[in-house]
Amino acid sequence: MTLQVVLVSAVVFGVLGPLEVTVDGRAAAVGGPKPRAILATLLLHVNTAVSVDLLAEVLWPSGPPRSAVANIRTYVHGLRRRLAGSAADIEHRSSGYVLVTDPDLVDVHRFEAEVSRAGAVDDRAEALALLDRACSRWRGEPLADLPHSHMWTVAVARLTELRLSAEEHRLRLRIDLGEPGDAVTELRALLGEHPLREDLWQLLIRALIATGRSAEARRTYAEAEQVLRSELHAVPGPELRRLGEQLRAPADPSPVCQLPLDLPDFTGREHLVDELVELLRRRRARGVPAVVVISGPPGVGKSAVSVRVAHAVRAEFPDGQLHVDLAGTSARPRTATEVLAELLRALGAQDSAMPRQPNERAALLRSRLANTRTCVVLDDAASAAQVRALLPGAGGCAVLVTSRAMLPDLSGAQPVELDVLGADEGARLLAGIVGEQRVAAEPDSAADILRFCGFLPLAIRVAGTRLRHRPGWTLRTMAGRLRDEHGRLDELRVGDLAVRASVNLSYDLLTPDAARALRWLGMVGPGHWPGWVVAALLGRPSADDVLDLLVDSHLVELVGSDLTGAPRYQLHDLLRCYAADLAEQDPTADRRAAVRRVLEGYLSLAVSAAESMPIRFLGVFDAADGRATWRPHRAAEVVADPLAWFEAERRAGAAAVSLAQDWGLDDLAWRVTAAYTPYFDMRGHHDDWHRTHRVALAAARRAGDSHGQAIVLRNLGQLALYQDAYDDAWTAFDESVRLFGQVGDRRGAGFALAGLGTVLRIRGDYAHALDRCHEALSMFAAVPDPHGEAVARLAAGSVWLELGCLSPAQRWFADAHELSVAIGDRHREAHALRRIATLHRRRGDLRAAREHTDRAVAIFRELDDDNCVGYANHDLGLLCLEGGDLSRARPLLDSSLHRHRRCGDRRSEAEVVEALGRLHEALGEPGQAERHFRRARDLWGGLDMVDQAAGRVGVG
């Protein structure tokens, strides 16, 4: 028999044309039309979950059959099989299926990355090379060989538009770089496909002019004019008309220019500036006004961006550049009447001819701007109402509005929201102010300064300016002064630049409830939080109005949606410091009550999620929910998808435990911890588990709560058991049994006794292990708790299995399986199947063992329990090894080894490493085999279990 080792194959996916999959450079078949349609959909959303409903809509647009879910599962199974051994896999998540692979293996992502890089580089030749390579990836229309699905329409249209934009940019660069002749042929071909794109006609005429073919350029203009007239009943836009008629009208010799200085150290935002410049140029070419609203939090650089864009388009708007400060964040924002007068004077209107009424002034301004190309910057707007009267009504003007509010009610405006700078941009800004040498000499301190400034441009500018004027200071000195959150805002002040003063302007405009909510949000700590937290802080059933006001004012940032679809919010770190400072002025009792309401909200939702988990938790938790003074109205959404809620609130839960500790709310500290434990257990988040439970145990002890201590200790014992810390597990379980006995919780005592039995079994003390299992069984029977009974029966059967007494083990396992099926406990049923499979393997019946293990894997996958799938893969790997299917054994064992290491399960790791040693022996690789055996001996030795490994890995 020939033995082979399976290696990862190189796979590449093609979407930009007929669907194409190549493996190791050769085309690979991926099935019929429906599997190909599924693969195409997943590729359009690579590394993102695609729901089963969306896949069904793609496959059966007129309505899915009743077997749709099963059929999709079958198609996905086939695709997985064809992709097996490659660098791509299709995973099942609670929200659907995900094609997991390196985006660089999909031509769409390589194309988009190259286009993005081309837009970011300053070297035009390099940009052209990137665009040439990007555009060459197109082999035709996207997914041209598949029946089009309307579910792909948006993605395909976006790709097509991006391709055309890239082609236009590429050909424009080719013309600019002195290669107009090469561009002519390509432009002719593109116009054959897209004859209504005026930008292509403009490029073609420019290329013809550059090559000296003026007559042909005139004929081309006439052709463009005829096509637009016949197809759109329209005349060419102003830019195309100017090209065709070769008009070069002289500009006003002295147009007004009121723009402030364009900052010489302006850094970052290059891509955004380029986008806005291009937007203004396109709208001007069409002869219609362009209005852009640039909004963002205090100090984010809105004014700097607007001035940079206005300077960049001066040549495009030669009739003048106006700049007005609307004082929207001041105590008295300017009225439209006075601003209109200022603008009209700048455009040459005399005071004697100035209308008195605001509406008449607005009409005169529109008239003055209608036939001009003027750029107007309206800085610091308070509201859409303040701006409307200042906008042009026709012509090719541009208006840039900056505001801390979003101004969603300003119809026709293009919204642009500014965020803080990226790490690289922030570093460049700091280096531009203090000097590259100082930053290069202390890179770690520079990074600390940026982090403490939250990458806010104003804060970086203030910190940099202080350093520039203090050459004797090191960057470490500045970072040290910023480290303390309580004094950070006081440090970020120089001259008339101050972060606190900037934020004060926005805070002073808030309603009392919004101001109180902002202050108390500073107490919640860093990180993202759901919207109900604001209502909890205020003690209201709902506070959407307050939250909307804070978001619209850019004091609270909407950062996206979580896996449940709920929006998530955060405070910028400096705003959080500002809010926390202000909150200290409020009565302590009021603040403590607000924090308690937030923690009660998390506890209420965590309990709902834990009780709705697809897997019944091997333990207890006590909500004590009846004492809650506030509950969020989201329980139904949480119950619908509890795992998604826990995924979204994982970090928030750990933070909530620390928050409870900080405020002395010990009862909530341990209860929130206990409610999160079923999730930590299912997903193997052992670090979170350990960290929160140490806090929770101390809290329960401070509160003198014996039941809370018992629950937390049982959970800590379970974690120690997972991590092979058997002495710690014994101590925790033993104390937990005693405390559960004190409070009369038989069910809790049963789970702790089962844990003691497992520790004794692992240590080889089988007689006492059976005693503990029987005690646990009697506890569960007395409650009664049939789920716990199934746990105890599995534990007893496992002891008999270790003793080599297969018949009694079989009886215990069979009873556990029958009970689990009867009560509908699918998870415990799968565990019973795993034990029965091990029994069959011990008897040499590999076929029956494989059948039971496959059934267990199917259930674990159905329950979305990746941890248990990993352990079942361990079993399958051993079965394949013993059955001689070595090529299948290796990936299964490698996969389980990775999971055991991630979870810190050294005992299971030792078993898998030992099995891999046997695999390499069978493959005739003695060196590799000995390396694995040596590693297994080390692991067993570290567990003080060398004697149990003797004879298996050569231990003497």
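## Notebook: loops, helix pairs and a small sheet

I began with Leu143, which is found in the loop between α5 (124-135) and α6. The model is a predicted one, and I kept that in mind for each entry.

**Leu143.** I looked up the backbone of Leu143 and found a positive phi of about 55°, although the residue is not a glycine. Is Leu143 buried or exposed? Its relative accessibility is 3%, so I put it down as buried, the cut-off for that class being under 20%.

**Asn47.** I then turned to Asn47, in the loop between α1 (33-44) and α2 (52-59). Asn47 is not a glycine either, yet I read a positive phi of about 65° for it. Its relative accessibility came out at 35%, so I entered Asn47 as partly exposed.

**α6 and α7.** From the loop that holds Leu143 I moved on to α6 itself. I checked how helix α6 (residues 153-176) sits against helix α7 (residues 180-193): their axes come within 8 Å and cross at roughly 155°. That angle makes α6 roughly antiparallel to α7, since the class takes in angles over 145 degrees. I noted the crossing of α6 and α7 as left-handed.

Which residues of α6 meet α7? On the α6 side I listed Leu164, Glu167, Arg170, Leu171, Arg174 and Ile175. On the α7 side I listed Pro180, Asp182, Ala183, Glu186, Leu187 and Leu190. Sorted by type, the residues of this contact are 7 nonpolar and 5 charged, with no polar ones.

**Ser330.** Next I located Ser330 in the loop between β7 (321-325) and α13 (336-346). Its relative accessible area is 26%, so I recorded Ser330 as partly exposed. I also took the C-alpha separation of Ser330 and Leu509, which is 8.8 Å, with the two positions 179 residues apart along the chain.

**Sheet β13-β15-β14.** I traced an open sheet of 3 strands, in the order β13-β15-β14, and its pairing is antiparallel. Which strands are at the edges? I have β13 (529-530) and β14 (557-561) there, each pairing on one side only. Between β14 and strand β15 (residues 567-570) I counted 4 bridges, and these two strands run antiparallel. For one position across this pair, I found Gly560 standing opposite Arg568 in β15.

**α30 and α32.** I then looked up helix α30 (residues 650-662) and helix α32 (residues 686-703). Their axes come within 10 Å and cross at roughly 25°. I therefore class α30 and α32 as roughly parallel to each other, the limit for that class being under 35 degrees. The crossing of α30 and α32 is left-handed.

Which residues of α30 meet α32? In α30 I listed Arg650, Ala654, Val657 and Gln661. Their partners in α32 are Asp688, Thr692, Val695 and Arg702. I sorted the residues of the contact of α30 with α32 into 3 nonpolar, 2 polar and 3 charged.

**Pro784.** My last entry is a peptide bond. The bond from Val783 to Pro784 is cis, and I read its omega as near -5°. Where does Pro784 lie? I placed Pro784 in the loop between α36 (766-782) and α37 (786-803).

Note on methods
Residues are numbered from 1 along each chain as its sequence is written. This is a predicted model: local features need pLDDT of at least 70, side-chain atom pairs count only at pLDDT 80 or more; totals for chains, interfaces and linings use all residues. Side-chain values use heavy atoms; hydrogens and water are left out. Axes are lines fitted to C-alpha atoms, for helices over the stretch in contact, and angles run from 0 to 180 degrees between N-to-C directions. Angles under 35 degrees count as roughly parallel, over 145 as roughly antiparallel, 65 to 115 as roughly perpendicular and the rest as oblique. A crossing is left-handed if the near helix is turned anticlockwise from the far one by less than a right angle, and right-handed if clockwise. Contact means heavy atoms within 4.5 Å. Ala, Val, Leu, Ile, Met, Phe, Trp, Tyr, Cys and Pro count as nonpolar, Asp, Glu, Lys and Arg as charged, and the others, Gly among them, as polar. Two strands pair if DSSP finds at least two bridges between them. Buried means under 20% relative accessible area, exposed over 50%, partly exposed in between (1.4 Å probe, protein chains only).
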